[in-house]
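Colleague: Could you take one small part of this model and go through it closely, then work outwards from there to the rest of the chain? Please give the cut-offs for your terms as you go.

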Amino acid sequence: MSRFFPDVFRNPAIRASMIAIFTFGMAGAMTAPYRSIVGIRELGLSDGLYSFLAFASAAVNVVISVLLGNLADRLGEYRSAMIGACLFGIVGYGMVYAFPSPATFIVSALLPLPIYGALNSLLFANARAAMHGMSRSDMVTANSGVRAMISLSWVLIPGITGLVLSGASSMLPAYLFASLSCVLCQGIILFALPKRAGAMMAEVRRLTYFEALRQVVSPQISAHIAGVALITSTLHLNDALLPLIATGAAHGRLSDVGILVGIVAALEIIFIIVWSRIARQTGQMTALAAGTIIYALFLGLLGFASAPWHLYALTLLAGIGAAAIISIPITYLQDLIADRPGLGSALISVNVFASAGIGALVFAAGTWASNYSGTAILSAVTGLSGIALLGLLQRRNAVVPADAEVR
């Protein structure tokens, strides 16, 4: 029986973190597929302003994530920081629904929601602290379980949201649902999460903030981050492009968007496991290259979609490719600074910022020079350029991540 429900998930802190991160994922799953529709089509933001907001929001998020993570390290616990971040989520989503206007959307995107986004890393850090003293295999199992909960929320929630709002004239109620999911997440943090999951900060404090920053921005490390960011930016671009193409060039409905996202998320859960096994046999770079090529093929074909069935036919490619891009870069980035787990994990937040920025720039350039379909093709080229850069770096042996071929 333990094979189906490993004992590591009986740890109260890990179990509560998994449930909390599911509710955190719910808020994003309810709004992300429809964010561009609400911002551009309902509230009247221009494509350029929407792109700027995506970039600025990512910048604020990475700064806040670092500040809150450092504060939590100094406090020796994550609970207080998580409670504060969750409050901003309740306010950020709620204000867009209660006071819909371009100004409210902009303010929400620039402050409350980026602060709430820091809850993601705090929840992962809380689970990591609870794993202190566990065997490596148990830690891998626990990390996989926590990560899978986000994908699970994307399996269940977008389709339900799309169906509930399929007859509505506006997608703004999705923001009300997201605010309520933040309330639920807050309740889990307050009443189910142990007050102290454990302490494992001693190793992280060996570097000062500026020393750690210099190591992160060193040419050897930043070059690898740039390559990974080019690849993962395709996920951000698809988030913006899929609903616009689905309800535009493909002549689909809003309900199709939620269903499509749910199907892809379900496939991601399955193929995250498959890619993990492939990476152990072939190495991370080979697996990541294969996944990137598959996802680039999906984006390229997305640019030619002209009917709803085209989008549904592409979900298999999307799920297979996205699973690789979601899962493999996490280990790759951590391995870049393998001797410092905390700093190595911080590269994940840096990559999120960099990939969102690249995605915003590609979206702005693509929509300026072409249309949404043309931008999808440009997105495919962006992903392929990322894997080409990583391949070049590997050949030159600029940096070989420790245990890079171990998954």
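Modeller: Beyond its neighbours within four places in sequence, Gly 94 is in contact with Gly 89, Tyr 175 and Ser 179, where contact means heavy atoms within 4.5 Å. Gly 94 belongs to helix H3 (residues 79-98); helices (H or I, at least four residues) and strands (E, at least two) are DSSP runs, numbered from the N terminus. Between Gly 94 and Ala 178 there are 7.9 Å in space, C-alpha to C-alpha, although they are 84 residues apart in sequence.

The model is predicted, so local features need pLDDT of at least 70 and side-chain atom pairs count only at pLDDT 80 or more, while totals for chains, interfaces and linings use all residues. Residues are numbered from 1 along each chain as its sequence is written, and side-chain values use heavy atoms, with hydrogens and water left out.

The next topic is the aromatic rings. Six aromatic pairs are found in a search of the whole structure; rings of Phe, Tyr and Trp (its six-membered ring) pair if their centres lie within 6.5 Å, and planes under 30 degrees apart count as stacked, over 60 as edge-to-face and the rest as tilted. One of the pairs is tilted and joins Tyr 50 and Phe 363, at 6.3 Å centre to centre and 55° between the planes. Tyr 50 lies in helix H2 (residues 47-75) and Phe 363 in helix H15 (residues 341-369), so this pair ties together parts that are 313 residues apart in sequence. Tyr 50 and Phe 363 are both buried, which means under 20% relative accessible area (exposed is over 50%, partly exposed in between; 1.4 Å probe, protein chains only).

Tyr 93 and Tyr 175 make another tilted pair, with 5.9 Å centre to centre and 50° between the planes. Tyr 93 sits in helix H3 and Tyr 175 in helix H8 (residues 173-191), so that the pair links distant parts of the chain, 82 residues apart. Tyr 93 is buried, at a relative accessible area of 7%, and Tyr 175 is buried at 3%. Both tyrosines belong to one aromatic cluster with Phe 24 and Tyr 116.

Tyr 50 and Tyr 175 also appear among the residues that Phe 105 touches, and the list further includes Arg 35, Val 38 and Leu 53, not counting residues up to four places away in sequence. Phe 105 is one of the residues with the most contacts inside the largest nonpolar core, which has 116 residues; the others named are Leu 119, Leu 302 and Leu 390. A nonpolar core is a set of buried Ala, Val, Leu, Ile, Met, Phe, Trp, Tyr and Cys residues joined through side-chain atoms within 4.5 Å. Helix H1 (residues 12-42) gives the most to this core, with 16 residues. Domain 1 (1-204) and domain 2 (208-399) both give residues to the core, so it lies between them; the domain bounds come from an automatic or database domain assignment.

Leu 119 is among the buried residues of helix H6, as are Leu 122, Leu 123 and Asn 126. Elsewhere, Thr 382 in helix H16 (residues 372-396) is buried at 8% relative accessible area, and touches Leu 230, Ser 233, Ile 358 and Val 362, leaving aside residues up to four places away in sequence.

For the whole protein, the secondary structure comes to 16 helices and zero strands. Buried residues make up 53% of the 407 residues.
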